[in-house]
Amino acid sequence: MRDTKSILLAGGAGYIGSHICVELLNRDNKYKVIVVDNFSNSNPKVLDRIKDITGKDVKFYEIDTRSNELEKVFKENKIDAVIDLAAYKAVGDSVKNPLKYYNNNLISQMNMLLLMKKYSVNNFVFSSSATVYGEVKADELPINENHPTSTTNPYGSTKLMGEQILQDCSISDPDFNCIVLRYFNPIGAHESGKIGEEAIGIPANVMPYITKVAIGELPYLNIFGNDYDTIDGTGVRDYIHVVDLAKGHVKALERLLNNRIGIEYFNLGAGKGFSVLELIHAFSRAYGKQIEYKIVDRRPGDAAIIYADPSKAKDILNWQVEYSLDDMCRDSWNWQSKNPNGYNI
Ligand code: NAD
Ligand code: WQD
């Protein structure tokens, strides 16, 4: 039996994928990592940074995972498991350009699954999202994996359809072994400050927006509403450090590589919600100055409060978060201050 397992990371040059890459490479040669990415939302320089952090090389293919070229990766490597992160993720953009999202997110996933079948690769980890829980009411919290699924935008639909495809594969093929990870709100960065989220343009998500205010690229944060039924009126979310999230993938892989499970679903979240104002205050402590903000109208489609019940991941994967909100803010600021222009320094 080979000791080192080869893991194909699709979308591995991105924000979350690069952190998973580091976690896998740091596990004493247990894993060899093969990254496939088309850099549609990432920067080639991330590969040098991963090497800086780990001292190890990543085998890399610049390929669109929708294309026929993907087969080359399966021909040239004996792959033990696939972690599929390759997708577009901007909710607002998906409402304006739904076909772009259905095309990229679903065709890439299907191409991958067809090749896995052809090359008898059975282990699959899928990047899903808390967005599949649709509209959440306050009395349904915390959300566990049995919460009914639905979607409110095309991006969310691609994730829910992606889950459905996997469910059907698992019913049809007893060898197919799959873990669906539903991420809550990943923020933070690797403690080295060498990799992190490179948000291009005006960010849609709150943390990259805050860090751009901190470096002076944007004047203040617009807080979308302060009249929700929450601790201070602003929206509450379950923020999770991206390194904790990456470690959750390693646990999921360990489970898949050692067990025949069919398909399983896990929330990856901290299990605790923080408001936008609490996030701003925590970030301001890390930053050493106050982040300016203005209260504006609610953003359509936003829920008041969402947070996970992560107990299934704790019980079965032996995973739970280690980093606090202050750690997340410190590491987001460390990354942004060291890389004000992202990977272009
Ligand atoms: P990201 O955009 O930083 O990473 C995605 C990577 O996939 C990028 O490097 C991009 O270039 C690549 N990619 C996209 N389409 C591709 C294609 N057709 N072929 C090859 N490469 C392709 O995003 P992220 O935040 O790292 O998210 C990773 C995954 O996690 C996505 O599937 C996303 O939907 C999911 N997710 C993200 C969040 C979040 O808040 N960041 C939350 C829940 C789920
Ligand atoms: C967080 C809080 C906003 C921006 C989204 C996707 C979800 C998942 C994670 C991929 C909310 C408030 C935000 C701003 C603000 N992604 N906010 N001003 O909406 O919880 O989740 O990212 O799967 O699918 O929907 O995250 O960071 O956009 O918002 O006040 O400029 O910050 O109202 O309360 P969200 P977010």
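## Ligand sites and cavities

α5 (98–118) and α6 (154–172) each give at least two residues to the lining of the second largest cavity. This is a predicted model. The second largest cavity holds about 60 Å³ of space. Its lining consists of Asp-84, Leu-85, Ala-86, Ala-87, Asn-105, Gln-109, Phe-126, Thr-158 and Lys-159. By class, that lining divides into four nonpolar, three polar and two charged residues.

How many cavities of 30 Å³ or more does the structure hold? There are two. The largest encloses about 90 Å³. Two helices, α7 (206–214) and α11 (325–338), each supply at least two residues of the lining of this largest cavity. The residues that line the largest cavity are Tyr-15, Ile-187, Gly-188, Ala-189, Gly-196, Glu-197, Met-207, Pro-208, Thr-211, Ser-332, Trp-335 and Gln-336. Six of these lining residues are nonpolar, five are polar and one is charged.

**Ligand 1**

Ligand 1 has 28 residues around it. Which of them are the closest? They are Asp-37, Asn-41, Ser-42, Asn-104 and Tyr-155. Asp-37 also makes a polar contact through its side chain: an N or O atom there is 2.6 Å from an oxygen atom of ligand 1. Backbone atoms take part too. A polar backbone atom of Ile-16 is 2.8 Å from an oxygen atom of the ligand. For Gly-14, the distance from a polar backbone atom to a ligand oxygen is 3.2 Å. Taken alone, ligand 1 exposes 820 Å², and the protein buries 95% of that. Three elements each give two or more residues to the shell around ligand 1: α1 (15–25), β5 (123–129) and α6. The largest share, three residues, comes from β5. The shell around ligand 1 has 12 nonpolar, 11 polar and five charged residues.

α6 links two of these sites. It supplies residues to the shell around ligand 1, and it also helps line the second largest cavity.

**Ligand 2**

Around ligand 2 there are 19 residues, and Ser-129, Tyr-155, Asn-222, Arg-237 and Asp-302 come nearest. Tyr-155 is thus named among the closest residues for ligand 2 and for ligand 1. A polar side-chain atom of Ser-129 lies 2.7 Å from an oxygen atom of ligand 2. Val-206 contributes a polar backbone atom, 2.8 Å from a ligand oxygen. At Asn-222, a backbone N or O atom is 2.7 Å from a nitrogen atom of ligand 2. Taken alone, ligand 2 exposes 680 Å², of which the protein buries 87%.

Which element gives the largest share of the shell around ligand 2? It is β8, with four residues. Both α7 and β8 (221–224) supply at least two residues of this shell. By class, the shell has 10 nonpolar, six polar and three charged residues. α7 therefore recurs, as a source of lining for the largest cavity and of shell residues for ligand 2.

**Polar contacts in brief**

| Residue | Residue atom | Ligand atom | Distance |
|---|---|---|---|
| Gly-14 | polar backbone atom | oxygen, ligand 1 | 3.2 Å |
| Ile-16 | polar backbone atom | oxygen, ligand 1 | 2.8 Å |
| Asp-37 | side-chain N or O | oxygen, ligand 1 | 2.6 Å |
| Ser-129 | polar side-chain atom | oxygen, ligand 2 | 2.7 Å |
| Val-206 | polar backbone atom | oxygen, ligand 2 | 2.8 Å |
| Asn-222 | backbone N or O | nitrogen, ligand 2 | 2.7 Å |

Key: Residues numbered from 1 in each chain as written. Chains lettered and ligands numbered in written order. Predicted model: local features only at pLDDT ≥ 70, side-chain atom pairs only at ≥ 80, totals over all residues. Heavy atoms only, no water. Near = heavy atom within 4 Å. Polar contact = N/O pair within 3.5 Å; in protein donor to acceptor, adjacent residues only side chain to side chain. Areas by Shrake-Rupley, 256 points an atom, 1.4 Å probe, with all protein chains shown as cover. Nonpolar A, V, L, I, M, F, W, Y, C, P; charged D, E, K, R; others polar. 1 Å grid on protein atoms, 1.4 Å probe; cavity = no way out; pocket = protein on both sides within 12 Å on 5 of 7 lines; lining within 4 Å. Points joined across faces, edges and corners; volume = space filled by probe spheres on them.
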